[in-house]
Amino acid sequence: MVDSQRTSIDPERKANHLCVLVHGLWGTPTHLDYLAKSLREKHSDDKLNILVAKSNSGSYTYDGIETGGERVTQEIEELLQELAIEGAPIEKLSIVGYSLGGLVARYAIGLLYSKGWFEKIKPINFTTFATPHLGVRTPLRGYHSQLWNAFGSRTLSSSGRQLFTIDTFRDTNRPILSVLADPKSIFVRALTLFKNRNIYANIVNDRSAPYYTTAIASTDPYVDMDAVDIRPLKSYSPTILDPDHPVSPKTAKEPLQPFYTRLTSTGQDLLTRIPLYTALFALIPVATVAWTINSGIQSFRSNKRIQLHEQGKGLDGYRIPLLMNGSSARSAVSGAFRRVNSAHGHDYLPESQDDDSDAPDDGDPASEDLPKLELKRTSSRKADFPTLALSDEQFEMIRNLDNVGFRKYLVHIRNHRHTHAAIIVRIQKSGFDEGKVVVRHWLDEAFEL
């Protein structure tokens, strides 16, 4: 097993490439054991150093993306300096984020960029697995969705507010996720420097981070799997879809079953679900109270930790300008206006209002300053499917991140309903074996040494 910090350095075997792994919400370094073990089996310690970040373990992930990003940056810098002293300086850097860890990683690379590390070290691979790049606000109508958006955002301290995009980050008057995707930000500047930028996203059953946010998409073709044809990628079928042509609507509808057959099937399905519904009816009130109490305690502790972190030594190097060329004030004003106008939500936008997420924002001078990218992009929008009723800020994030360019690999895990954990084989269990196919694809096709 790979150590929770890094593999040991043999003076005769000095690797010049460092790969950093960052876990997700409520996570621990052990959640990334399979990723780290597979990475080590593929690349020996004379070729690759592995750092599994540990400074945000457990409830420390409540403390916000920026606090987590500063902690991880400090871990990376300390290791880079240590390896240089040992005579094994790092020349190449890769970073992998799982779930919330992908957002923490995006913040951390911005700090590394601002401190000049990428002038000395070549960024190679940036990869996220099941990361909610657009947050976790539910783009659905109904009281249950509104309740979730209101309740969920207030139970995870700073991280919760940021994931539901109700935070105001520093003096920008914008959510931190919007700032992370701003073309003028140090975070996007850092992303553009990575040679490979890859996303792995579950298409179904990811209740922690749904498809639209992990794939940075304005549509969700996979809401009704019976209505679409999916195209697996050869050699990784049926788990990995073809990134260039993953899905299309079915052209011919299947014949409708007789009424009696449908009625019988529906009745049997309801009967099998009665025990589950009964258990949920009994447990949900108790669980909700327990969750609320625990969340209050953890939020209180998180606020205390954040205060101590803010007062800690060595943070001055991380409190740098986040936006470049004086765009902060303009963005703050426009951000406030957008947030007022997006206070309500719908299931989908009318066809006449479909957002053209693939179109570059030619009016944004920031996009002109970005380097020309050769990386093949995977489109975030499928014209054959309706546009989700996301917020204006989320549509802007999609446009900006598509302009950066990500290669998007869509994952269809069939054998377990907890796909968020299965995608990286978070624990060793037979139901997560499809995640091993995902990791194999990442190592063979997406990770460059």
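Helices and strands are taken here as DSSP runs, of at least four residues for a helix and at least two for a strand, numbered from the N terminus. On that basis Arg407 lies in strand S8, which covers residues 407-411, in a model that is predicted. Arg407 is classed as buried because its relative accessible area, 13%, falls below the 20% cut-off. The side chain of this arginine makes a polar contact, at 2.9 Å, with the side chain of Asp244.

The chain as a whole comprises 14 helices and 8 strands, and 52% of its 449 residues count as buried. Among the contacts between residues at least 6 apart in sequence, 80% join residues that are at least 24 apart.

Tyr200, in strand S5 (residues 196-202), illustrates contacts of this kind. Its relative accessible area is 0%, and Tyr200 is therefore buried. When its neighbours within four places in sequence are left aside, Tyr200 is in contact with Thr127, Thr128, Phe129, Ala130, Tyr409, Val411, Ile423, Val438, His441, Trp442 and Ala446. Of these partners, Trp442 is separated from Tyr200 by 242 residues in sequence, yet the two C-alpha atoms are 8.8 Å apart in space.

Two helices can be described in further detail. In helix H1 (residues 33-42), the buried residues are Tyr34, Leu35, Ala36, Ser38, Leu39 and Arg40. An α-helix has 3.6 residues a turn, so residues three or four places apart point the same way. The buried residues of H1 pack against four strands, namely S1 (17-22), S2 (49-52), S3 (92-98) and S4 (122-129), and also against helix H14 (433-446). Helix H2, formed by residues 65-85, contains 21 residues and extends 30 Å from its first C-alpha to its last, close to the 30 Å expected at 1.5 Å a residue. H2 is mostly covered, with 15 of its 21 residues buried, and just after this helix Gly87 adopts a positive phi of about 85 degrees.

The structure also holds 2 cavities of 30 Å³ or more, and the second largest cavity encloses about 50 Å³ of space. The lining of this second largest cavity is made up of Val22, His23, Asn56, Tyr60, Thr61, Gly64, Gly68, Leu100 and Val104. By class, 4 of the lining residues are nonpolar and 5 are polar, while none is charged.

How values were computed: Residues numbered from 1 in each chain as written. Predicted model: local features only at pLDDT ≥ 70, side-chain atom pairs only at ≥ 80, totals over all residues. Heavy atoms only, no water. 1 Å grid on protein atoms, 1.4 Å probe; cavity = no way out; pocket = protein on both sides within 12 Å on 5 of 7 lines; lining within 4 Å. Points joined across faces, edges and corners; volume = space filled by probe spheres on them. Nonpolar A, V, L, I, M, F, W, Y, C, P; charged D, E, K, R; others polar. Expected span 1.5 Å × (residues − 1). Buried < 20%, exposed > 50% of the residue type's maximum accessible area, 1.4 Å probe, protein only. Contact = heavy atoms within 4.5 Å. Polar contact = N/O pair within 3.5 Å; in protein donor to acceptor, adjacent residues only side chain to side chain.
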